[in-house]
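Work through the exercises below with the sequence and the model open side by side. Each task is followed by a solution in steps.

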Amino acid sequence: MTDTTPAVSLHGVTKRFGEEVVAVDDVDLEIQDGEFFSLLGPSGCGKTTTLRMIAGLEFPTKGSVRIHGEEMGLRPPNKRPVNTVFQSYALFPHMNVAGNVGFGLRMQNVNDSEVRRRVGEAIDLVRLTGLEKRSPKALSGGQQQRVALARALVNSPKVLLLDEPLGALDLKLRQTMQLELKDIQNEIGITFVYVTHDQGEALTMSDRIAVMNEGRLAQVGSAEQVYESPQNLFVAGFVGQMCHLDAVVVESGSVRLNGGELLRARTSAPNSTAVTLTVRPEKLHLYSSAAEAPPDRNAIKGSVVRRTFYGEAVEYEVQIGVSGSVEVRVENVPSMHRWEIGDQVIVDFHPEAAMALTE
Amino acid sequence: MTLPDQHEQVEQEAVNPRLERKARKQESWRGFFHAAPAYVYLTFFFTLPLIMVYVFSFASRGPTGKPRLEDWNFDSWSKLTEPLFREIALRSLWMAILNTALCLLIGYPFAYWIATRASQKTRTLLLVGVLIPFWSNFLIRTYAWRMLLDSDGLITQLGEWTGFWGQLLFTPTAVFIGLLYGYLPFVVLPLYAAIERLDWTLVEAGRDLYASGSAAFRKITLPLSKPGIVAGSILVFIPSLGAYVTPDILGGAKTTLLGNYIVTQFTAARNWPFGSAMSGAILILMLAATILYFRTDTRTI
């Protein structure tokens, strides 16, 4: 019974601010116990509001939030079995590191020796041993981040909510912290709900991702599902790079580009729907002539309109008739062929890599 | 590679301190010129009179009340230990402390309420409301209270009608009402400033970490608004202790406070040395108390 109860479940959750703004619009979501779950989307997509509704810092206008099967209703944040790592860390400036980390335990009237023991453990877990007496102001960004993490984890919440916790860190530190967060999650095995606008971060860390757009769920799935099989143009464009070509569905599994060529692709839209054919740039290959291209794949004629040298790769922009243009990256290996602007080329890709998507 | 580096370092150390010192000197001279009018003003109208107060406190009172500096003594200072002065001083202190406490108690929720209004326009409007009393003279406003508290005044009539109180004018309560009325805005403004710039995510973090609404207020909001509490209480406590107009107009003979007592020494009693000694002593005590208060209470913020 407990195995199948989701750690967090949202049913028909809607949040309005005033009359006009719908921050979250009818969201249904089940987050499994022990999962690293990311809410991914551009700013203003409702991901933070969703997280705040789980934390109890905001209450849904409509719908229900359950944590481990228990209806949360209007239960205040201090009565929910979740803890939050805030975006700006929100460390208490009038307490030292140990004071910050122990705050939640003291509020739960845990006795002093127990507080000391667990605070020590949490500080060790995030590798801040020796900094207990420091003021948060005297810590670096990465250290503050760890304090915020320890302060939440020390309470052994059933679900840990993280609101863009790495947003304020520089790239290098962010990558280190990503791995560290993932390790900590594996070690303690609790559910993480992670809000981020960084698709790379979501892909590398998450078991599952919910991509959000304008308050709605655009797609929920594993990192691979979201990347390899986006369900709509928004997900395709937001997660990773994508090339777009205008086309029309001819029949199931087959589309015709605007301006001619018939191609095989994964389709779900009904016949004669206008669609956008999308392919990941790393799945495109360039050839000088159709004869060089492998058989049984999609091959489209085009002409080079721009060439950009990146060092490790060269990127060609290839114009495909009236249906659009694609960017193809060619790795800078010794055998690399060089095309010039105006050259006629063949763009080749596997039918499985092409998806006909609608909005 | 190391040689040029060292050379550069030596050169930097040799050149920069001299230049820096010169720049700093120029900077400080510029600063002095800007502040010169204020220095002159303060020297003539603040420092010199203050020195005069202390000098006169050692003078002796001549037969006509004319202070005589020729035979100076400590009589006025030793007079400070007399029971009459002690009684007045303690009453003033009690009034000032109680007034400060009540101002904070009433002012804090009000400042909190203003600071947490969503729209900036509402907040500005409410703050202007706090400042409106300053548009008319304090003396006039105190006389207005006199009318309200007098035997046929509105408040007295209300008290008699409900049976809770009679005429309040010329009682300590009247002085107290006047002080509270007069100094409440001074505590609201700094409290508002402190609460308004509070980072509310900290309160949310507290709630998230199992603090109830009231616990979050006690452990987070209150300690973080301490600068406003300190500033507000100093702004109220000091003038309350030296209040003159309010006890003079609203209090009777029984509610003489330090301010009135000192004024009496300079006027009716014609005892300038004693008045000076009292002023000087209060000033020293107040300065010590303020320094102590700032030291102990604001360091953690």
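## Exercise 1: a hairpin in chain A

In this predicted model, Ile67(A) stands opposite Glu70(A), a residue of β5(A).

**Task.** Which residue stands opposite Arg66(A) in β5(A), and which residue of the hairpin takes a positive phi?

**Solution.**
1. Strand β4 (residues 62–67) of chain A is joined by 2 bridges to strand β5 (residues 70–71) of chain A. The two strands run antiparallel.
2. Besides the pair of Ile67(A) and Glu70(A), Arg66(A) faces Glu71(A) in β5(A).
3. The hairpin of β4(A) and β5(A) has 2 residues between the strands. His68(A) takes a positive phi there, near 50°.

## Exercise 2: the sheet around the hairpin

**Task.** Find the strand order of the open sheet in chain A and name its edge strands.

**Solution.**
1. Begin with the other partner of β4(A): strand β1 (residues 8–17) of chain A is joined to β4(A) by 5 bridges, and these strands run antiparallel.
2. Arg66(A) in β4(A) is the bridge partner of Ser9(A). Arg66(A) also stands opposite Glu71(A) in β5(A).
3. The open sheet has 4 strands in the order β2-β1-β4-β5 (chain A), and the pairing is antiparallel.
4. The edge strands are β2 (21–31) and β5 of chain A, since each pairs on one side only.

## Exercise 3: two helices of chain B

**Task.** Why do α8(B) and α9(B) count as roughly antiparallel, and which residues make their contact?

**Solution.**
1. Helix α8 (residues 200–208) of chain B packs against helix α9 (residues 213–224) of chain B at an angle of about 160°. Their axes are 9 Å apart.
2. Angles over 145 degrees count as roughly antiparallel, and α8(B) and α9(B) are therefore roughly antiparallel to each other.
3. The crossing in which α8(B) passes α9(B) is right-handed.
4. On the α8(B) side, the contact is made by Leu202(B), Val203(B), Gly206(B) and Arg207(B). On the α9(B) side, Ala216(B), Lys219(B), Ile220(B), Thr221(B) and Leu224(B) take part.

## Exercise 4: the contact between the chains

**Task.** Which element of chain B gives the largest share of the side that touches chain A?

**Solution.**
1. Count the contacting residues: 16 in chain B and 17 in chain A.
2. On the side of chain B that touches chain A, the elements that give two or more residues are α8 and α9 of chain B.
3. The largest share of that side is 6 residues, and it comes from α8(B).
4. For the complex, the predictor gives an ipTM of 0.85 and a pTM of 0.82.

## Exercise 5: confidence and domains

**Task.** Where in chain B is the pLDDT below 50, and how far apart do the domain centres lie in chain B and in chain A?

**Solution.**
1. Chain B averages a pLDDT of 87, and 93% of its residues score at least 70.
2. Among the elements of chain B, α8(B) has the highest mean pLDDT, 96, and helix α1 (residues 2–56) of chain B the lowest, 78.
3. The pLDDT is below 50 over residues 1–12 of chain B. Beyond near neighbours in sequence, this stretch has 0 contacts in the model.
4. The domain assignment of chain B gives domain 1 (2–56) and domain 2 (76–298). Their C-alpha centres lie 39 Å apart.
5. Chain A is divided into domain 1 (8–234) and domain 2 (241–357), with C-alpha centres 40 Å apart.

Technical notes. Residues are numbered from 1 along each chain as its sequence is written. Chains are lettered from A and ligands numbered from 1 in the order in which they are written. This is a predicted model: local features need pLDDT of at least 70, side-chain atom pairs count only at pLDDT 80 or more; totals for chains, interfaces and linings use all residues. Domain bounds come from an automatic or database domain assignment. pLDDT is the predictor's confidence in each residue, from 0 to 100. Two residues are in contact if their C-beta atoms, placed from the backbone, lie within 7 Å. Two strands pair if DSSP finds at least two bridges between them. Axes are lines fitted to C-alpha atoms, for helices over the stretch in contact, and angles run from 0 to 180 degrees between N-to-C directions. Angles under 35 degrees count as roughly parallel, over 145 as roughly antiparallel, 65 to 115 as roughly perpendicular and the rest as oblique. A crossing is left-handed if the near helix is turned anticlockwise from the far one by less than a right angle, and right-handed if clockwise.
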